[in-house]
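Subject: Structure for your review

Dear colleague,

Please find below the structure that I am handing over to you. My notes on it follow.

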Amino acid sequence: MFQNYFKQYTSAATLAFFRLAFGLMMLLSLIRFASYGWIEKFYITPQFHFTYYGFEWVKPVGIYTYLIFIICGIAAFMVAVGYKYKWAIVSFFLSFTYIELMDKTTYLNHYYFITIVSLVLCFLPANCYFSVDAYKNDKIRFQRIPRWNTDILKVLLAIVYIYAGLAKLNSDWLIEAMPLKMWLPDNTKIPVLSYLLNQTWVHYAFSWGGMIYDLAIVFLMLNKKTRKFGFFLIVVFHVLTRILFPIGVFPYVMIISSLIFFEPTLHKKILAFVAKLFSVSLVVFENGKDKVQQYTFFNRVQLGFLTFFMAFQLLFPFRYLCYPDELFWTEEGYRFSWRVMLMEKAGYTEFTVSDKKNHKSIRINNTHFLTAFQEKQMAFQPDFILEYAHFLKEYYQKQGFENPEVHVASYVALNGRLSQKYIDPSINLAKENESFKHKTWILPFNDTIKGL
Amino acid sequence: MKKIFFLISVIALIAACSSSDGETTTSNDGYDRTALLTHWANDIIIPSYTNYQTKLNIVASNTTTFTTTPTEANLVVLRASWLEAYKAFQFVSIYGFGKAEDIYFKEKNNTYPTDATGINTNIISGTYDFNLISQFSKQGLPALDYVLNGLGTSDAQIVAFYTGTNAAKYKKYLTDLVTTLNTNNDIVLNDWTSYKTTYIANNGNTITSAVSITVNDFIKNFEKEVRAGKVGIPAGVFSGGTLYPEKVEAFYKKDVSKILYNTAIQASQDFFNGKNFNDATTGPGLKEYLDNLNVVRSGQNFSDIINNQFTAIYASNALLSDNFATQISTNNSKMITAYDVIQQNVVYLKLDMMQALKITVDYVDSDGD
């Protein structure tokens, strides 16, 4: 059966369309990001950055941070036009991932999505059709490619939707309509919509509708009969989220990406339209050649890696099961798991650094070290609190404190619950270290959220 | 059919691209912010400043009486009016924005512990500029505390300074302190007559809107001045247990620190409930705002949770000595308990309430010690 699957072919136009669309969307996203002054605001201005465990060495590099964005932008453009594709997509993957890892304050699921899509694209012959590379070199020009080359992208999209749907199967979302009950009111001034969004039944309708949409949409898109309806839902859903929430370019990325589920005839039409704009023709790429799946050692390693990678994608989001207490409370295993818009969470922290021996003590003013955005994110995420505590320890050690102790008074409010004490105030955070183990100094949630 | 879908998506793209990116929230929660701001300005803020002005005027006339005839009896009268003014100040301390911010109104009125040595130097030299930052700790109500209560251990000893060889210098300093307090308050109060219109018109819900500024300052005052200044710092909460009884408010008068603290709590609770300054009626306020949004936590109105916590604060204060310095030196654990109870309301206000009202915490607070 596997052998048979790898002998199935599909039009290269689908992958070429995806490459072009992906490259252009990334280029526009980067331009938008830069034009808002976010490079400076997020990566240059802050004196301290929250890093990912194991990637502490990935940091902004001062003024050269702009260079990383420029490289990323140029790479995105080269991916779009398919010029020196392999170099371009690898450069894009590396530079984009570097940017993403510089500061976890800005973590977004959709950045992670872009990282894994670009990693997979490194292994796909996306430049064999409608690209500068294939135009110049007929050896790499193919009309048809192995079917798995496009299926793998569909699987990535399917994981995002289905896992986001599964994550909504919890009592806060379905029974309490949280956090939509807190978010939807007063979100818009559009007359009828604004009235509706203040109605409780609408909050429940949106919660349940969103869950059903996430779980069902991939199947609607896979079935030819329901595909157009499915796409209609995708457009409505994402435009609505775009109007109601500040979620940037994500809706467009999802709308455009989901076009990959359509038949290749559509992708060919779009490419033909684009070609016409630039007075070129698709005919040269219609050479009737199939890119036959090879099984050299190198191919086998590639396939092996991708198989492992996909299995990892399926399992990794479930790692939260290895941790005690409530996932939403501890956030251990929360990121990289397609948990989107599930929590209204905010925190209050007040740190004290003390030097017991010399009877010195200071109450920390967080705004001295963190931007407003960083402080907001830090206040309810334990790994942020710990990393910041270590930063404070080192800072005050340089200020002459001997063995500084760092304690925090910390409170968190989650999904419409009254705030509770979050971190054990008696714990000296300077002595605790980051690891994949459960953080025992997070105080218990004292409530249960049932479900996945 | 396909074309229709593409048309939809293209229109959607254009529509969405042309809107802003949600960096600033536009709210339409239905609460009448104009009415809220009008009530705050007309019935709470301006009457609070007016009351403080009245109280300061009494201090000024009593000062004239005392400097003309420095007797122990006149000192007692002056001291009583000083305490009334100090209580009145707790009500205006909440509003550290606008002109008050420009002229460092709060810092000039109530920076403590006051600098007794610096004040003595000022008195003898006779030259000082109260507008300098270095002079903030040598003026205001705490400086009056020192020159009215702290120069000697008995009233006779204190009066002796105003009748002795340097009497003229002491009288001048006392008069200057009182005049400066009056002048500063007049500046802020007069500005409110024109500022009021701007204030009420700024009825949006962005970070620079009047509601956001006022609520942020209210919480800042409650957290920094009321919680930390009056209780936390002297009780050693931020110094790893090292106690600072000399850092209590009105240290030289000694037995009024609890009165001032309770007054400040009352001022905060009244503001939260939207209570008129001059009578018991309540109007629009944070309580009504929260109730309007139907904010419920743990099965009860969130505004009730906050008011219950205010009740708990009074209850824990009732166990304290009138003189916080004594309380800290003899049994600080009761101070710590009182601190924990007010800290809980800081969290309710700064975290839960701000989250419910969708107001961003924006203030830049300064270092503690």
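I begin with A:F113, which is placed in helix α6 of chain A, residues 109-121. A:F113 counts as buried because it has 20 C-beta neighbours inside 10 Å, and 20 is the number from which a residue is called buried. Its C-alpha atom is 8.9 Å from that of A:W338, although the two residues are 225 apart along the chain. Please bear in mind throughout that this is a predicted model.

**Confidence**

For the complex, the predictor reports a pTM of 0.89 and an ipTM of 0.87. Chain B has a mean pLDDT of 90, with 89% of its residues at 70 or more. Within chain B, residues 4-27 have a pLDDT below 50, and this stretch makes 22 contacts in the model beyond near neighbours in sequence. Residues 363-369 of chain B also stay under 50 in pLDDT; there the model has 14 contacts beyond four places in sequence.

**Domains of chain A**

Two domains are assigned in chain A: domain 1 covers 11-141 and domain 2 covers 327-431. Taken over C-alpha atoms, the centres of domain 1 and domain 2 of chain A are 32 Å apart. Contact between them involves nine residues of domain 1 of chain A and 13 residues of domain 2 of chain A. On the side of domain 1 of chain A that touches domain 2 of chain A, five residues are nonpolar, four are polar and none is charged.

**Two helices of chain A**

Helix α5 of chain A runs over residues 85-102. At 1.5 Å a residue its 18 residues should span 26 Å, and the end C-alpha atoms are indeed 26 Å apart. Buried residues of α5(A) include A:Y85, A:A88, A:I89, A:F92, A:F93 and A:S95; further along the helix, A:F96, A:T97, A:I99, A:L101 and A:M102 are buried as well. Among the elements that cover these buried residues are α3 (38-44), α4 (65-81), α6 and α7 (132-136) of chain A. Helix α6 is thus the element that holds A:F113.

Helix α13 of chain A, residues 227-244, also has 18 residues, and the distance from its first C-alpha to its last is 26 Å, close to the 26 Å expected. Which residues of α13(A) are buried? They are A:G230, A:F231, A:I234, A:V235, A:H238, A:V239 and A:R242. Viewed down the axis of α13(A), the buried residues fall within an arc of 160°, so they line one face of the helix.

**Backbone geometry**

Most peptide bonds are trans, and most residues other than glycine have a negative phi. The following places depart from one or other of these patterns.

- A:M178 and A:P179 are joined by a cis peptide bond with omega of about 5°. A:P179 sits in the loop between α9 (171-174) and α10 (180-183) of chain A.
- In chain B, the peptide bond from B:Y112 to B:P113 is cis, with omega near 5°. B:P113 is found in the loop between α5 (105-110) and α6 (116-125) of chain B.
- A:D325, not a glycine, has a positive phi of about 60°. A:D325 belongs to the loop between α16 (297-315) and α17 (327-330) of chain A, and is partly exposed, with 16 other C-beta atoms within 10 Å.
- A:F336, likewise a residue other than glycine, has a positive phi near 55°. A:F336 is in the loop between α17 and β3 (345-355) of chain A; with 17 C-beta neighbours inside 10 Å, A:F336 counts as partly exposed.

**Chain B**

Chain B contains 15 helices and two strands. Of its 369 residues, 44% are buried. When contacts in chain B between residues at least 6 apart in sequence are considered, 74% join residues at least 24 apart.

One residue of chain B may serve as an example. Is B:G150, in helix α7 (residues 140-150) of chain B, buried or exposed? B:G150 is buried, with 20 other C-beta atoms within 10 Å. Leaving aside residues up to four places away in sequence, B:G150 touches B:A116, B:D145 and B:Y252. The C-alpha atoms of B:G150 and B:K253 are separated by 7.3 Å, while the two residues are 103 apart along the chain.

Yours sincerely

Definitions and conventions:
Residues numbered from 1 in each chain as written. Chains lettered and ligands numbered in written order. Predicted model: local features only at pLDDT ≥ 70, side-chain atom pairs only at ≥ 80, totals over all residues. Helix = DSSP H or I, 4+ residues; strand = E, 2+ residues; numbered from the N terminus. Buried ≥ 20, exposed ≤ 12 C-beta atoms within 10 Å, placed from the backbone. Contact = placed C-beta atoms within 7 Å. pLDDT = per-residue confidence, 0-100. Domains from an automatic or database assignment. Nonpolar A, V, L, I, M, F, W, Y, C, P; charged D, E, K, R; others polar. Expected span 1.5 Å × (residues − 1). Arc of directions from axis to C-beta.
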